[in-house]
Amino acid sequence: DVVGARLISHAGSLTNLAKAPASTVQILGAEKALFRALKTRGNTPKYGLIFHSSFIGRAGAKNKGRISRYLANKCSIASRIDAFSEDATTVFGSKLKEQVEERLQFYETGDLPRKNVDVMNEAVEEAAAEVKKKKKKDKKKRKNEEAAAVTEEVNTTQEDDGEPPVKKKKKKNKENEAAPEPVQTV
């Protein structure tokens with residue numbers, strides 16, 4: 001969705017979005033309506049830029065506010081993971097998206113969604129496996145590149161003249177040149 005890009009743009013940066021609480025993420029883009037509601041003591045807005053998400057469009061009329069709040073929570077978690085994790089991975093985002101799908105299903109049919117703790121533990125295990133696999137792949141790639149560089153170097157030295165490389169002569173020390181050896185008299 002383009003909603004994530006809009007949220008980052010409105011917040012100023014991914015780090016600023018990650019620092020914001022979920023309640024702020026929920027109404028990002030609806031500041032004018034929020035302050036007008038506070039001034040007139042009316043109802044505050046339920047959603048801002050998040051309203052353009054397909055999840056809210058699929059929710060029923062009475063569940064739009066609930067799913068907006070839930071989606072803002074998941075967006076907040078995702079932005080924090082993206083901003084502050086060392087290794088980039090899509091595992092957490094896909095798991096959070098599955099959770100929102102399950103919550104929509106819960107509002108429609110009543111099927112209980114999985115607990116957040118269980119889903120996050122699954123995501124951590126998958127992310128660790130993915131990072132381990134990536135490091136192993138990078139190590140193998142680096143090893144192949146080094147082997148290719150060594151064989152290329154050997155090929156270029158043999159192709160230059162068809163002869164082995166000539167060894168350089170060693171230079172004499174200046175001290176040895178300055179003091180000639182004494183001549184022996186017989």
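# Working through a helical chain

The largest pocket has a lining of 25 residues, and the ones nearest its centre are G4, K74, C75, A78 and G93. The model is predicted, so keep that in mind as you go through the exercises.

**Exercise 1. Work out which helices build the lining of the largest pocket, and what kinds of residue are found there.**

Solution. Start with the space itself: the largest pocket holds about 640 Å³. Next, go through the helices. At least two lining residues come from each of α1 (3-11), α2 (14-19), α5, α6 and α7. Of the helices, α6 gives the most to the lining, namely 7 residues. Finally, sort the lining by type: 14 residues are nonpolar, 7 are polar and 4 are charged.

**Exercise 2. Find out which helix gives the most to the largest nonpolar core.**

Solution. First, pick out the core: this set has 17 residues, and L7, V25, I50, I67, L71 and V100 have the most contacts inside it. Then look at who contributes: α1, α5, α6 and α7 each put in at least two residues. The answer is α6, which gives the most to this core with 4 residues.

**Exercise 3. Check the length of helix α6 against its expected span, then list its buried residues.**

Solution. Helix α6 covers residues 64-84, which is 21 residues. The expected span is 1.5 Å times one less than the number of residues, so α6 should span 30 Å. The C-alpha atoms at its ends are 30 Å apart, so the two values agree. Now for burial, where the cut-off is under 20% relative accessible area. K64, G65, I67, S68, Y70, L71, A72, K74, S76, S79 and I81 are the buried residues of α6. To read that list, recall that an α-helix has 3.6 residues a turn, so residues three or four places apart point the same way.

**Exercise 4. Do the same for α7, and see what follows this helix.**

Solution. With 19 residues, α7 should span 27 Å, and the distance between its end C-alpha atoms is 27 Å, so this one agrees too. The buried residues in α7 are V91, F92, K95, L96, Q99, V100 and L104. After α7 comes G110, with a positive phi near 100 degrees.

**Exercise 5. Describe the aromatic pairing in this structure.**

Solution. There is 1 aromatic pair to find. F106 and Y107 form this pair, with 5.7 Å from centre to centre and 45 degrees between the planes. Stacked would need planes under 30 degrees apart and edge-to-face over 60, so at 45 degrees the pair counts as tilted. As for accessibility, F106 comes out at 27%, so F106 is partly exposed.

**Exercise 6. Place R41 and T90 in the chain and decide whether each is buried or exposed.**

Solution. Take R41 to begin with: it sits in the loop between α4 (31-40) and α5 (54-58). Its relative accessible area is 78%, so R41 is exposed. R41 also has a phi near 60 degrees, a positive value although the residue is not glycine. Now T90, which belongs to the loop between α6 and α7 (91-109). T90 has 62% relative accessibility, so T90 counts as exposed. One more step for T90: its C-alpha atom is 9.6 Å from that of A123, with their positions 33 residues apart along the chain.

**Exercise 7. Sum up the fold of the whole chain.**

Solution. Count the elements: the chain has 9 helices and 0 strands. Then look at burial, where 24% of the 186 residues in the chain are buried.

Notes. Residues are numbered from 1 along each chain as its sequence is written. This is a predicted model: local features need pLDDT of at least 70, side-chain atom pairs count only at pLDDT 80 or more; totals for chains, interfaces and linings use all residues. Side-chain values use heavy atoms; hydrogens and water are left out. Buried means under 20% relative accessible area, exposed over 50%, partly exposed in between (1.4 Å probe, protein chains only). Rings of Phe, Tyr and Trp (its six-membered ring) pair if their centres lie within 6.5 Å; planes under 30 degrees apart count as stacked, over 60 as edge-to-face and the rest as tilted. On a 1 Å grid over the protein atoms alone, a cavity is a set of points where a 1.4 Å probe fits but cannot get out, and a pocket is an open set with protein on both sides within 12 Å along at least five of seven lines; lining residues have an atom within 4 Å of a point. Grid points are joined across faces, edges and corners, and a volume is the space filled by probe spheres set on the points. Ala, Val, Leu, Ile, Met, Phe, Trp, Tyr, Cys and Pro count as nonpolar, Asp, Glu, Lys and Arg as charged, and the others, Gly among them, as polar. A nonpolar core is a set of buried Ala, Val, Leu, Ile, Met, Phe, Trp, Tyr and Cys residues joined through side-chain atoms within 4.5 Å.
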